[in-house]
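Colleague: I'd like to learn how to read the features of a model like this one. Could you walk me through it?

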Amino acid sequence: MLSVFDIFKIGIGPSSSHTVGPMRIARRFLEEAKAENLLDRAARVKVDLHGSLALTGIGHGTDTASVLGLLGFEPDTTDPNDAERAVERVKSQKRIALHGGPEIAFDWKADIGLMGNVVPTVHPNEMRLTLYGEDGADLFSQIYYSVGGGFIASDKQLAAPAEDDLIAQARAGRHQFASAADLLAIAQEKNLALHEIILENEDEHRPRAETEAMLDKIWFAMRDCIERGLHTRGELPGGLKVKRRAPSLFAKLQEAPLANEREQLFDWLNVYAMAVNEENAAGGRVVTAPTNGAAGIIPSVLKHYCCVEGENLEQIRVFLLTAAGIGMLYKQRASISGAEMGCQGEVGVACSMAAGALAAVWGGTPGQVEHAAEIGMEHNLGLTCDPVGGLVQIPCIERNAIGAVKAVNAARLALRASDEHKVSLDQVIETMRQTGIDMSRKYKETSEGGLAVNVVEC
């Protein structure tokens, strides 16, 4: 069973699948080579990016992330400024100190291959890493996949039967569940809220006080990201000349504190979500929620509804636990990768998670929480991932603002519904999965369709 802290991970922008995942892959590759006693013999390392990782790799910082992983950086502890300096040294000196191994020559253009013509058959986000000896012979080579939300897997892991894997996951933890129907059945049988089920599963891994402290740390990282985004002005990197808008919108809201709350509701949700995703686009520190590209929705809703009179940590924990439980279902039953599902698998999933979590904070029953999560996804089905210029900026930043508003409305609709709903969360997750499979490849994080080809880059 996945943990809450598999769904929520602290990392750096702009992409969990194209930045966080490749960084983890490169480091893991060297650790595996060292375990085989081959790393010390390396004279060259080659990183080949295939599929979506190649097609949007530069805009998503995949090349830089791969180098950082080879240097031994880890997403959750990386300081963006330290990372930038380390990358500049590699570029200027044309040498790289491999994590746990020797320092060798490194030519950025020759040793990082952007092979967009290679269409992976297992998963769109494919990487092949190879170590060569002094004589040019292949010492060690592995294929890995960045499968969304910072999760990574080797080709051998993904070759395992999915059904067996799902069964194994369902058998772990105090409360075994592999579907929303399972969760609701446990809630009814044990008389537990959904967040209590998830929390008791976390109790199997560590003392509860430690889990609560880790949840608070996740929130603090989200909160700090919002604050940086609200107060950092300027232009986002990448060449599109997109200006940060959150600081000016925030200033206008502060100038009118007594304005009608309903009129300003959208504005507050918008500004918090955009603050996070502008930070993400700039390579700042964010929390996968469940991905970097959709990182602004959950913090925005949390900030607006759980910090009315100071931070209500009890509510925040309920929110995060519930959201994580919903995210686990999407991860296990479908995917949270934009390269597999389109943006319905990122912003759509984040909207669903936030909707269900807010319904829980508002006192909803497990059934109402499930209904809110279902509504949150139902109206994001078919959402494409078509980033202009391969950058996580247009339409990604505004899309998080819209997603936050949708999440709140979904929670309100679920709590006010008088009849039993007709579509279940399990059904909508399966529909999302099937829609993602049917969706044209050009609309799944390749920048080969949609806005990416119809908007002229400036």
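Modeller: Happily; we'll take the annotated domain and its sheet, then some helices, then two single residues. Keep in mind that this is a predicted model.

Colleague: Let's begin with the record. Which residues does UniProt list for the domain?

Modeller: The unreviewed UniProt entry lists "domain: Serine dehydratase beta chain" at residues 3–156. Over that stretch the chain is 38% helix and 29% strand. The C-alpha atoms at its two ends lie 22 Å apart.

Colleague: Now the sheet. In what order do the strands of the open sheet lie?

Modeller: To read a sheet, list the strands side by side, then look at the edges. Here five strands form an open sheet with mixed pairing, in the order β5-β2-β6-β7-β8. At the edges are β5 (112–115) and β8 (151–154), each of which pairs on one side only. On average, neighbouring strands are turned by 25° against each other, direction ignored.

Colleague: In what sense do β6 and β7 pair, and over how many bridges?

Modeller: Strand β6 (residues 125–132) and strand β7 (residues 138–148) are antiparallel partners, with seven bridges. You can trace the register through single pairs: Thr130 has Ser141 of β7 as its bridge partner, and Glu126 stands opposite Tyr145 in β7. The two strands make a hairpin with five residues between them, and in the turn Gly136 has a positive phi of about 85°.

Colleague: And what joins β7 to β8?

Modeller: Another hairpin, this time with two residues between the strands; Gly149 there takes a positive phi near 65°. The pairing of β7 and β8 is antiparallel over four bridges, and Gly148 has Phe151 in β8 as its bridge partner.

Colleague: Why would you call β7 largely enclosed?

Modeller: Count the buried residues, where buried means under 20% relative accessible area. In β7, eight of the eleven residues are buried, so the strand is largely enclosed by the rest of the structure.

Colleague: Which strands does helix α2 touch?

Modeller: For a helix on a sheet, ask which strands it meets and how its direction compares with theirs. Helix α2 (residues 16–35) packs on the sheet and touches β2 (44–51), β6, β7 and β8. Its direction makes about 150° with that of β7. Helix α4 (residues 62–71) lies across β2, β5 and β6, and runs at about 145° to β2.

Colleague: Is α4 mostly covered or mostly open?

Modeller: Mostly covered: eight of its ten residues are buried. Among them are Asp63, Ala65, Val67 and Leu70. Just after α4 comes Gly72, with a positive phi near 100°.

Colleague: Let me try one residue from that helix. What does Thr62 contact?

Modeller: When reading a single residue, look past its sequence neighbours. Thr62 sits in helix α4 and is buried, with a relative accessible area of 0%. Beyond neighbours within four places in sequence, Thr62 contacts His18, Pro22, Leu49, Leu53 and Gly57.

Colleague: What about helices packing on each other? At what angle do α10 and α15 pack?

Modeller: Two numbers help here, the angle and the distance between axes. Helix α10 (residues 194–202) and helix α15 (residues 313–333) pack at about 80°, with axes 8 Å apart. That makes α10 roughly perpendicular to α15. From α10 come His195, Ile198 and Leu199, which meet Val318, Leu321, Thr322, Gly325 and Met328 in α15. By class, this contact has five nonpolar, three polar and no charged residues.

Colleague: How do the axes of α11 and α12 cross?

Modeller: The axes of helix α11 (residues 208–231) and helix α12 (residues 246–255) cross at roughly 90° and come within 6 Å. That makes α11 roughly perpendicular to α12. Gly229, Leu230 and His231 of α11 make the contact with Ala246, Pro247 and Phe250 of α12. The classes here are four nonpolar, two polar and no charged residues.

Colleague: One last residue: is Val405 buried or exposed?

Modeller: Val405 is buried, with a relative accessible area of 17%; its place is in helix α19 (residues 396–416). Leaving aside neighbours within four places in sequence, Val405 is in contact with Phe266, Leu269 and Asn270. Ala355 is 50 residues from Val405 along the chain, and their C-alpha atoms are separated by 9.6 Å.

Methods
Residues are numbered from 1 along each chain as its sequence is written. This is a predicted model: local features need pLDDT of at least 70, side-chain atom pairs count only at pLDDT 80 or more; totals for chains, interfaces and linings use all residues. Side-chain values use heavy atoms; hydrogens and water are left out. UniProt positions are given in the numbering used here, feature names are shortened, and annotations may be inferred rather than shown by experiment. Axes are lines fitted to C-alpha atoms, for helices over the stretch in contact, and angles run from 0 to 180 degrees between N-to-C directions. Angles under 35 degrees count as roughly parallel, over 145 as roughly antiparallel, 65 to 115 as roughly perpendicular and the rest as oblique. Contact means heavy atoms within 4.5 Å. Ala, Val, Leu, Ile, Met, Phe, Trp, Tyr, Cys and Pro count as nonpolar, Asp, Glu, Lys and Arg as charged, and the others, Gly among them, as polar. Two strands pair if DSSP finds at least two bridges between them. Buried means under 20% relative accessible area, exposed over 50%, partly exposed in between (1.4 Å probe, protein chains only).
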